[in-house]
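Visitor: I would like to learn how to read a protein structure, one feature at a time. Could we go through one together?

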Amino acid sequence: MHRCAAVTLCILLTPFLVLYFSLSYVLGILIVMMILPRLWLARELYWSCPFLPAVFRSQGVRGTLLRLGFEVSYTINVVKRFCTLPLRRTLPSFYIAGFPKCGTTSLASHLRRHPAVSGLAGLPYHEVLSKESHFLNGALGPNRANSSLLYRSFFPTIFTKFWAEQVVGVKQWMVFDACPLTACLPFAAKRISALTPNAKVIFMMRDPVRAIYSGEAMLRNMGMPLQWTLSEEAPALGRMFEVGSGEL
Ligand SMILES: Nc1ncnc2c1ncn2[C@@H]1O[C@H](COP(=O)(O)OS(=O)(=O)O)[C@@H](OP(=O)(O)O)[C@H]1O
C-alpha cells in the first residue's frame, strides 16, 4: 500500500480505535469492579437467605438472567450505601421481628406510609427489599452482624431525616427493620440489644398452623424443591385436634 494512503487510513481509523479501546478499558474496569464485590456480597446474602438461589434456579435461563441482574443491582446498591456511610447515621427505633407469615409485610407497608417512618434504603423493585435487611443473620457476613457502622448502611440518609423533620414537620423521624426471621434466631435478641438497646420490638402472631401452610405455599411458589408437604399431614393434624378437644 502507498505510504500516503496508509497514513490517511490510520487517521480515519484513529477515532474509532480510540473509542474501541476506551470502551474496552471501561468495560474491563466495570467487570473487575462488579464481579469481585458480586462474588463476595451475593455469597454472603445467599448464606443468610438460602432460598434465593433456588428461586432463580427454578426459572431456567430466565432465572439465570434475573439472578445476574439482581446481583449486579444489589452490588451497586450496597457499594453506593457503603460510599455514603457518613450520611447514614440512623439505626432502627423498632423492629418487626416476626413471626414469619403473620402479616409482617402488610404492617411494614402500612407503617412506611407514615411520614415519620422509613424502612430500608433497599432496591425499589420488590417490597421485601425495603422491608427486611437480614443483617442480623449475616447478609453482610455472619462475623459482621454486630457492626453498628455496617448496619447503618441499610437505612436512609440524614437528608431523609432532614426532609421529614424540617420540611414535613414530623417530631421525630425513625427507621425500622422488619425481618420476620429475627424471631426465630437464637442470637438475635443479644445482637438487637447490643446494637440498639432502646429499640422496641413488635411480634406479630397468627394461628401457627395457618402460618406454616402459608410458609409452605410461599416456598413452593418460589420454586424451592421441598422434600415434604404439610398437605399429606392434614388427617393426622385432624386427629390431633380431636384428641386436644376433649379426650386428654
Ligand atoms: N391484616 C392481616 N391479617 C391477617 N393475615 C394477614 C394480614 N395481612 C397479611 N396477612 C397474611 O400474612 C401472610 C404473609 O405474612 P408475612 O408478610 O409476614 O410473610 S413473610 O414472612 O414476610 O414472607 C399472608 O398469609 P397467606 O395469605 O395465608 O399466605 C397474608 O395473607
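**Reading strands, domains and a ligand shell**

Guide: Let us begin with a pair of strands in this predicted model: β2 and strand β3, which covers residues 174-177, pair in the parallel sense over 2 bridges. Within that pairing, V117 stands opposite M174 in β3.

Visitor: What holds such strands of a sheet together, in general?

Guide: As a general idea, the strands of a sheet pair through backbone hydrogen bonds, and the pairing may be either parallel or antiparallel. In this structure the sheet is an open one of 4 strands, which follow the order β2-β3-β1-β4 with parallel pairing.

Visitor: Which are the edge strands?

Guide: An edge strand pairs on one side only, and here that description fits β2 (117-118) and β4 (200-203).

Visitor: How is the protein chain divided into domains?

Guide: The chain has domain 1, which spans 19-83, and domain 2, which spans 87-221. If you take the C-alpha centre of each, the centres of domain 1 and domain 2 lie 23 Å apart, and the contact takes 11 residues from domain 1 and 12 residues from domain 2.

Visitor: Which elements give two or more residues to the side of domain 1 that touches domain 2?

Guide: Those elements are α1 (3-48) and α3 (60-83), and the largest share, 5 residues, comes from α3. Sorted by class, the residues on this side of domain 1 are 6 nonpolar, 3 polar and 2 charged.

Visitor: Where does UniProt place the feature "active site"?

Guide: The UniProt record, an unreviewed entry, places that feature at K101. When you look for K101 in the model, you will find this residue in the loop between β1 (94-98) and α4 (104-112).

Visitor: Is K101 buried or exposed?

Guide: The idea is to count the other C-beta atoms within 10 Å, where 20 or more make a residue buried. K101 is buried because 20 other C-beta atoms lie within 10 Å. Leaving aside residues up to four places away in sequence, K101 touches A211, S214, G215 and M218.

Visitor: Which residues surround the ligand?

Guide: K101 appears again here, for the ligand is surrounded by P100, K101, C102, G103, T104, T105, S106, P180, S214, A217 and M218. The elements that give two or more residues to this shell are α4 and α8 (208-221). By class, the shell around the ligand has 5 nonpolar, 5 polar and 1 charged residues.

Methods: Residues numbered from 1 in each chain as written. Predicted model: local features only at pLDDT ≥ 70, side-chain atom pairs only at ≥ 80, totals over all residues. Domains from an automatic or database assignment. Contact = placed C-beta atoms within 7 Å. Nonpolar A, V, L, I, M, F, W, Y, C, P; charged D, E, K, R; others polar. Pairing = 2+ DSSP bridges. UniProt positions renumbered as here; feature names shortened; annotations may be inferred. Buried ≥ 20, exposed ≤ 12 C-beta atoms within 10 Å, placed from the backbone. Near = placed C-beta within 6 Å.
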